[in-house]
Amino acid sequence: MTEFSPLESEIHKLIRSSGPMPVWRYMELCLMHPEHGYYVSRDPLGREGDFTTAPEVSQMFGELLGLWTASVWKAIGSPPMLRLVELGPGRGTMMADALRAVRVLPPLYQSLQIHLVEINPVLREKQQATLSGARNITWHDSIDDVPEGPAVILANEYFDVLPIHQVVKRETGWHERVVKLDDDGKLVFAAADEPMPRFEVLLPPLVRAAPLGAVFEWRPDTEMMKIAARVRDQDGAALIVDYGHLRSDAGDTFQAIARHSFADPLKNPGQADVTAHVDFQALARAAEDVGARVHGPVTQGEFLKRLGIETRAVTLMAKTTPEVSADISAALKRLTDSGRGGMGSMFKVLAVTEPNLTSVAGLNDEPPAPGDEAA
Ligand SMILES: C[S@@+](CC[C@H](N)C(=O)[O-])C[C@H]1O[C@@H](n2cnc3c(N)ncnc32)[C@H](O)[C@@H]1O
């Protein structure tokens with residue numbers, strides 16, 4: 001008989017008692033189940049873990065986000081106190097690199113109150129160790145708990161872990177996509193029996209014309225709206241970096257990553273990172289709906305080049321051994337290239353600010369070329 005993990009057994013029990021489970025609920029349990037959720041119980045990052053993120057690829061990423069923070073601080077009139085907030089800070093690497101870069105501006109460095117929004121106790125400990133030299137750090141479970149005041153909010157690979165809803169198009173209309181048990185007791189995807197009434201009018205026009213069988217997915221706008229309302233009313237800016245698409249469209253991007261490879265999201269729930277691509281058009285719409293100003297999105301490669309990553313790489317390479325220099329060159333390529341394994345065009349960057357801030361570093365020059373849409 002197959003041995004199930006504790007979370008899989010619990011999901012089976014829930015489905016047996018209450019019926020098929022919406023994809024968003026399944027994703028939420030996989031990631032945030034209070035005992036067995038993926039993001040409640042482990043450090044998933046790095047070579048030994050399941051995936052590597054941009055700050056873990058190179059110090060240049062966090063340093064440039066630090067300089068971006070400095071440019072926003074100046075643009076909003078150099079307030080005597082700035083809240084530097086990071087959503088989902090992983091191991092604290094990006095914040096440590098950003099703070100090192102910001103130290104060159106003592107009035108800004110001394111003005112900082114640092115707020116880390118993190119639900120993972122294992123990663124909170126790592127963040128504490130990584131940032132042991134920094135002052136004024138507070139941890140929070142949610143952005144709701146960050147006190148008022150001007151803020152720069154940074155979020156790298158945060159939105160992709162927030163649960164998505166999925167619907168499937170059938171002759172009878174759009175049906176919620178669910179997870180159920182098949183006759184062999186295996187978790188499988190299915191469509192709910194009843195269509196969602198009058199749902200089509202809510203869909204982006206491009207999606208309404210999708211063929212039968214198409215999947216459409218979305219995240220609730222709540223998180224983006226909270227961030228946008230905050231920077232609209234209290235000065236500041238948010239920077240969102242993630243993998244995703246520029247236009248809202250049909251497509252199933254629900255995926256699992258374990259040990260640096262794609263895995264079946266219905267296998268071993270709670271043991272793999274389950275994510276979905278970020279819909280940047282939907283994020284921008286949600287921010288604009290509450291009256292904030294949106295800048296971008298641009299591709300990560302373009303953003304980092306505009307902020308001077310190539311010059312920074314040359315400076316670092318001049319001071320080191322040929323081996324380390326080769327590593328820096330490889331990291332530069334990984335962060336900015338569009339080819340296989342490159343994060344340059346798969347990742348996008350979007351900023352949200354108060355309405356009067358008409359320009360922010362790295363985002364307002366030109367829109368991405370159509371070929372950069374690659375996901
Ligand atoms: C994919 S990791 C990215 C980590 C880091 N930003 C980086 O780039 O290395 C997602 C991060 O978000 C945190 N996280 C996941 N769900 C969260 C939630 N609902 N609220 C706050 N943090 C969350 C995870 O624990 C982790 O720190």
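**Entry 1: Arg-198**

I opened the predicted model at Arg-198, which is exposed, with a relative accessible area of 72%. I then looked up where Arg-198 sits: the loop between strand S8 (187–191) and helix H9 (205–208). Its backbone caught my eye too, since phi of Arg-198 is near 50 degrees, a positive value in a residue other than glycine.

**Entry 2: Glu-157**

Next I went to Glu-157, which is not a glycine and yet has a positive phi of about 50 degrees. I found Glu-157 in the loop between strand S5 (151–156) and strand S6 (165–170). Is Glu-157 buried or exposed? Its relative accessibility is 15%, and the cut-off for buried is under 20%, so I noted Glu-157 as buried.

**Entry 3: the ligand**

I turned to the ligand and listed its neighbours. There are 19 residues around the ligand, and the closest are Thr-53, Gly-88, Gly-90, Glu-118 and Asn-156. Sorting that shell by class gave me 11 nonpolar, 5 polar and 3 charged residues.

Which side chains put a polar atom by an oxygen atom of the ligand? I wrote down three:
- Thr-53 has a polar side-chain atom 2.5 Å from a ligand oxygen.
- Glu-118 has a polar side-chain atom 2.6 Å from a ligand oxygen.
- Asn-156 has a side-chain N or O atom 2.8 Å from a ligand oxygen.

I also checked how much of the ligand is covered: on its own the ligand has 590 Å² of accessible area, and the protein covers 96% of it.

**Entry 4: the largest pocket**

I moved on to the largest pocket, which holds about 790 Å³ of space. I counted 37 residues in its lining, with Glu-217, Trp-218, Arg-219, Pro-220 and Ala-282 nearest the centre. Which elements give two or more residues to this lining? They are helix H2 (23–32), strand S9 (215–218), helix H10 (222–234), strand S14 (278–279) and helix H11 (280–289). By class, the pocket lining splits into 19 nonpolar, 7 polar and 11 charged residues.

**Entry 5: the cavity**

I then searched for enclosed space and found 1 cavity of 30 Å³ or more. The volume of the largest cavity is about 30 Å³. Its lining is made of Tyr-109, Leu-112, Ile-114, Ala-134 and Arg-135. That lining has 4 nonpolar residues, no polar residues and 1 charged residue.

**Entry 6: helix H6**

Why is helix H6 (residues 93–102) largely enclosed by the rest of the structure? I found that 8 of its 10 residues are buried, so the helix has the rest of the structure around it. The buried residues of H6 are Thr-93, Met-94, Met-95, Asp-97, Ala-98, Leu-99, Ala-101 and Val-102.

**Entry 7: His-33 and Ile-240**

I looked up His-33 in the loop between H2 and helix H3 (38–41). With 7% relative accessibility, His-33 counts as buried. A polar atom of its side chain lies 3.0 Å from the backbone nitrogen of His-36.

Ile-240 is in strand S10 (residues 236–245), and I noted it as buried at 1% relative accessible area. I also took one C-alpha distance from here: Ile-240 and Ala-276 are 36 residues apart along the chain, and their C-alpha atoms are separated by 15 Å.

**Entry 8: a cis peptide**

Last, I checked omega and found a cis peptide bond joining Gly-296 and Pro-297, with omega of about 5 degrees. Pro-297 has its place in strand S15 (residues 293–299).

Terms used: Residues are numbered from 1 along each chain as its sequence is written. This is a predicted model: local features need pLDDT of at least 70, side-chain atom pairs count only at pLDDT 80 or more; totals for chains, interfaces and linings use all residues. Side-chain values use heavy atoms; hydrogens and water are left out. On a 1 Å grid over the protein atoms alone, a cavity is a set of points where a 1.4 Å probe fits but cannot get out, and a pocket is an open set with protein on both sides within 12 Å along at least five of seven lines; lining residues have an atom within 4 Å of a point. Grid points are joined across faces, edges and corners, and a volume is the space filled by probe spheres set on the points. Helices (H or I, at least four residues) and strands (E, at least two) are DSSP runs, numbered from the N terminus. Ala, Val, Leu, Ile, Met, Phe, Trp, Tyr, Cys and Pro count as nonpolar, Asp, Glu, Lys and Arg as charged, and the others, Gly among them, as polar. A residue is near a molecule or strand if one of its heavy atoms lies within 4 Å of it. A polar contact is a pair of N or O atoms within 3.5 Å; within protein, one must be able to donate a hydrogen and the other to accept it, and residues adjacent in sequence count only if both atoms are side-chain atoms. Accessible areas come from the Shrake-Rupley method with a 1.4 Å probe; for residues, only the protein chains shown count as cover. Buried means under 20% relative accessible area, exposed over 50%, partly exposed in between (1.4 Å probe, protein chains only).
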